[in-house]
Every structure is written in C-alpha cells, then in structure tokens.
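I opened my notebook for this one and kept the entries short. Pull up the viewer and follow along with me.

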Amino acid sequence: MKKTLRRIAPVALVLIGLTTLSFMAKDGVTLRLKPQQGKTYTITSKANMMMMMEVQGQTMNQTQNMEYRQSFTAKDVTAKDVQFETKIEALKMSISQMGMKLEYDSEHPEKTSPMLAGQTKEMDEAINKTGTIKYDVMGNVIDSLDLEMSQLGGVIIQLPEKELSVGSTCNVDKS
C-alpha cells in the first residue's frame, strides 16, 4: 500500500498542478485608460542616463539621475478620451561629470548645488504649476493645453494595442 501511494502521489501532484493552471489560464485583457473621474493618481518616475564622449582623445563620462513625482487628477472622462489636471510635485536631479557633482532637490533646497542657481529658478517655477493634458483611451497625448514641454516629462502612458495575458510581454518605444 505504501509503495502504491508513493508512486501515485507525484502523479497526483502533477495532475493537480496542471488542472489549476488550466483554470487560471484566461483570455487576454485589452488595457485601456479609464480612470475614475475626480480621482487623483500619482506617478513616480526614475530615469538614469550614462553618456560616454570622446573629446580630443580623452574619454569623458557623464551620469544623470532624475526622479520626479507627478499627480494627475481626472477632470473629464468620456468613452473616447480623458482630460487630466496635472502637476509635478517634486523633482530630484543629480549630474556627475569630470569629477563634479551637481544636485537639485525641490523638497530639500539646502542640498541644491550653488552652480545650478540659474536653472534652479526655472525648475522651481515648473514644480506645482498646474496644467491640463488630454489622452485618448490608448494613453496617447491628444492635447497638452497650457503645459510647457518641461511638464510633459512623466506623462508617457501609451498602452499596447494587443491583448495581454499571463506571461505575455509588450514594448513601447518613444523617441
């Protein structure tokens, strides 16, 4: 009896696993932008960039790290599009080049590098400035009313057109 159970147990586990997977495998889902009107969504984005340049036979490295928090409040939601009120709430940036490190942090201005004094004013003005942006249901920008390009940094949503299911992947390339 024990030998029979030992042989049946692994087979039973495999069958239970396959049965569970067959119940979990559902049709794909088509993603669309459908926020709740009046609700505020917050996106935190991080971007890291490393550049290598050759100047007069010398290799120069530059690294740039940027992190920002941006809020989107759904103001007008229709079947075709969504209009958001948006603003960048916080911005943190670090640039390292040729042994120099420049930093900006909107939440901790005391950490900002003095060499960025000219740019700091522009960045401070962009933070908490409200603008309006309109997307179609696929996440493509239709109109960026009263928004400057500096405020459009974190508003890339673009959803895939094909259905997604467990294990599927999609890529969105923007330039």
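I began with my exposure classes: buried means under 20% relative accessible area, exposed means over 50%, and partly exposed lies in between, with a 1.4 Å probe and protein chains only. With 30% relative accessible area, Glu 103 is therefore partly exposed. I noted that this is a predicted model, in which local features need pLDDT of at least 70 and side-chain atom pairs count only at pLDDT 80 or more, while totals for chains, interfaces and linings use all residues. Residues are numbered from 1 along each chain as its sequence is written, and side-chain values use heavy atoms, with hydrogens and water left out.

**Entry: overall layout**

I took helices (H or I, at least four residues) and strands (E, at least two) as DSSP runs, numbered from the N terminus. I found two helices and six strands in the protein chain. Along the sequence their order reads α-β-β-β-β-α-β-β. I then looked up burial: 26% of the 175 residues count as buried. For contacts I used heavy atoms within 4.5 Å. Among contacts between residues at least 6 apart in sequence, 49% join residues at least 24 apart. Accessible areas come from the Shrake-Rupley method with a 1.4 Å probe, and for residues only the protein chains shown count as cover. The chain exposes about 12,700 Å², of which carbon and sulfur atoms supply 55%.

**Entry: the β1–β2 hairpin**

I call two strands paired if DSSP finds at least two bridges between them. How many bridges join β1 to β2? I found 16, between β1 (residues 40–55) and β2 (residues 58–77), and the two strands run antiparallel. One of my spot checks was Glu 54, whose bridge partner in β2 is Thr 59. Two residues sit between the strands of this hairpin. In that turn I stopped at Gln 56, which has a positive phi of about 50° although it is not a glycine. Gln 56 counts as exposed because its relative accessibility is 81%.

I logged another non-glycine with a positive phi, Asn 128, at about 65°. Asn 128 belongs to the loop between α2 (117–126) and β5, and its 44% relative accessibility makes it partly exposed.

**Entry: salt bridges**

My rule was a side-chain nitrogen of Lys or Arg within 4 Å of a carboxyl oxygen of Asp or Glu. By this rule I counted three salt bridges. Glu 89 pairs with Arg 69, with the closest N and O atoms 3.2 Å apart. Since Glu 89 lies in β3 and Arg 69 in β2, this pair ties together parts that are 20 residues apart in sequence. Arg 69 also meets Glu 107, at 3.0 Å from N to O. This second pair links Arg 69 in β2 to Glu 107 in the loop between β4 (100–105) and α2, 38 residues apart. I therefore drew Arg 69, Glu 89 and Glu 107 as a network of salt bridges. Arg 69 is partly exposed at 28% relative accessibility, and Glu 107 is partly exposed at 46%. My remaining entry here pairs Lys 101 with Glu 103 at 3.6 Å, N to O. Lys 101 is exposed, at 53% relative accessible area.

**Entry: aromatic rings**

I paired rings of Phe, Tyr and Trp (its six-membered ring) if their centres lie within 6.5 Å; planes under 30 degrees apart count as stacked, over 60 as edge-to-face and the rest as tilted. The search of the whole structure gave two aromatic pairs. Phe 72 and Phe 84 have ring centres 5.8 Å apart and planes at 80°, so they are edge-to-face. Phe 72 is in β2 and Phe 84 in β3 (residues 81–97), so parts 12 residues apart in sequence are tied together. Phe 84 also pairs edge-to-face with Tyr 135, at 5.8 Å centre to centre and 80° between the planes. Tyr 135 lies in β5 (residues 131–136), so that pair ties together parts 51 residues apart in sequence. Phe 72 and Phe 84 are buried, and Tyr 135 is buried as well. I marked the three residues Phe 72, Phe 84 and Tyr 135 as a cluster linked by ring pairs.

**Entry: Lys 162**

I found Lys 162 in the segment after β6 (141–143). What does Lys 162 touch, not counting residues up to four places away in sequence? I listed Val 29, Thr 169 and Cys 170. Lys 162 and Thr 30 are 132 residues apart in sequence, yet 6.5 Å apart in space, C-alpha to C-alpha.
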